[in-house]
Amino acid sequence: MPVSEVLHVVDGQVAYLTLNRPEALNALTPAQRDRLVRLLGEASADPDVRAVVLTGTGRGFCAGADLRGGAADGERVAGDVARVIREGAQRLVAAVLDCEKPVIAAVNGTAAGLGAHLALACDLVLAAESARFIEVFVRRGLVPDGGGAYLLPRLVGPRRAKELMFFGDALSAPDAERLGLVNRVVPDGELDKTAREWAARLAAGPTRALALTKQLVNASLDSDRGTAFAAEAAAQEINMTTADAKEGVASFVERRSPEYRGR
């Protein structure tokens, strides 16, 4: 895969990952998917990266998995499809959910199928006014994958999730914001600027505290109250050992703005 099909730039402690197959509405090939997983893992482990922005070029954010190339042809062995899903779409969505840095989706256009789930897995979602979200699987006679049946009910509730998945209708950016799938809708020309502003704010924040907060919120959706409270206490215990926590407390006592270093 040409490296240019997933652009990777680190600027101001923010990793910008850009899908760059505009002629295919950024439909993901296996090679692109694997590169995204690798880059997200690297961003998670790199102390000099403190936020991630995921976006696309052209009219599409991501039109889902690229199904061209005979994926539906030939003889299959039982278990092949499940393995491909586990090692492919699910691994990609998990890489976003498990990334220890906050991930912003800047949805510049159509986000369909796996592309929609890729955006919804991000911590914050900005959408251009022209963006659309489509649970396209039903149109192809397929079951949603890439974590869709896990993500959507947690974001909009089971009835709304079923409506979106049963009908496969395109959801406009304003409607997605109304349902809680999107944090903010901005004019197309302001998407990049807004994403950079949000990413800069995150990159200037207490990185380890943000990572622990992300873990707590994500885990709370599958936890009972006792488990969630115990995790919260443990996270705060861990966080209080960081330099940023010490800086935050010191800046409060000294009545000045904190200077977080991500450590």
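## The hairpin of strands 1 and 2

Strand 1 and strand 2 form a hairpin. Two residues separate them, and Gly12 in the turn has a positive phi of about 60°. The model is predicted. Strand 1 covers residues 6-11 and runs antiparallel to strand 2, with 6 bridges joining the pair. One point of register is Val9, which stands opposite Tyr16 in strand 2.

Strand 2 spans residues 14-19. On its other pairing, strand 2 runs parallel to strand 3 (residues 51-56), again through 6 bridges. Thr18 has Thr55 of strand 3 as its bridge partner. Strand 2 is thus bridged to strand 1 in the antiparallel sense and to strand 3 in the parallel sense.

## Burial of strand 2

How many residues of strand 2 are buried? The count is 6 of the 6, so strand 2 is largely enclosed by the rest of the structure. In a regular strand the side chains alternate between the two faces of the sheet. Both faces are covered here. Val14, Tyr16 and Thr18 are buried on one side. Ala15, Leu17 and Leu19 are buried on the other.

Tyr16 lies in strand 2. Tyr16 has a relative accessible area of 11%, and buried means under 20%, so Tyr16 counts as buried. Leaving aside neighbours within four places in sequence, Tyr16 is in contact with Leu7, His8, Val9, Asp11, Val53, Arg196 and Ala199. Val9 in this list is also the residue opposite Tyr16 in the hairpin pairing. Tyr16 and Leu114 are 98 residues apart along the chain, and their C-alpha atoms are separated by 20 Å.

## Strand 7 and its partners

Strand 7 covers residues 124-128. Is strand 7 largely enclosed or largely open? Of its 5 residues, 4 are buried, so strand 7 is largely enclosed by the rest of the structure.

Strand 7 pairs with strand 5 (residues 103-107) in the parallel sense over 4 bridges. Ile104 stands opposite Leu124 in that pairing. Strand 7 also runs parallel to strand 10 (residues 184-186), and 3 bridges join them. There, Leu126 has Arg184 of strand 10 as its bridge partner.

## Ile104

Ile104 is found in strand 5. Its relative accessible area is 0%, so Ile104 is buried. Not counting residues up to four places away in sequence, Ile104 touches Val52, Val53, Leu54, Cys122, Leu124, Leu126, Ala195, Trp198, Ala199 and Leu202. Leu124, its opposite number in strand 7, is among these contacts.

Val53 and Ala199 are touched by Ile104; Val53 and Ala199 are also contacts of Tyr16. At longer range, Ile104 and Gln236 are 132 residues apart along the chain. Their C-alpha atoms are separated by 24 Å.

## Positive phi outside glycine

Which residues other than glycine have a positive phi? Leu25 is one of them, at about 50°. Arg255 is another, with phi near 55°.

Leu25 lies in the loop between strand 2 (14-19) and helix 1 (30-45). Leu25 is partly exposed, with a relative accessible area of 23%. Arg255 lies in the segment after helix 11 (243-253). Arg255 is exposed, at a relative accessible area of 79%.

## Overall fold

The protein holds 11 helices and 10 strands. Its C-alpha trace spans about 65 × 40 × 35 Å along the principal axes. Does the radius of gyration agree or disagree with that of a compact globule? With 263 residues, such a globule would have a value near 18 Å; the protein has 19 Å, which agrees.

Of the 263 residues, 44% count as buried. Among contacts with a separation of 6 or more, 69% join residues 24 or more positions apart.

## Surface and charge

The protein exposes about 13800 Å². Carbon and sulfur atoms supply 55% of that area. The charge count is 32 positive and 34 negative. The mean positions of the two sets are 1 Å apart.

Note on methods:
Residues are numbered from 1 along each chain as its sequence is written. This is a predicted model: local features need pLDDT of at least 70, side-chain atom pairs count only at pLDDT 80 or more; totals for chains, interfaces and linings use all residues. Side-chain values use heavy atoms; hydrogens and water are left out. The radius of gyration is taken over C-alpha atoms; the globule rule is 2.2 Å times the number of residues to the power 0.38. Buried means under 20% relative accessible area, exposed over 50%, partly exposed in between (1.4 Å probe, protein chains only). Contact means heavy atoms within 4.5 Å. Accessible areas come from the Shrake-Rupley method with a 1.4 Å probe; for residues, only the protein chains shown count as cover. Lys and Arg count as positive and Asp and Glu as negative; His and the chain ends are not counted. The place of a charge is taken as NZ of Lys, CZ of Arg, CG of Asp or CD of Glu. Two strands pair if DSSP finds at least two bridges between them.
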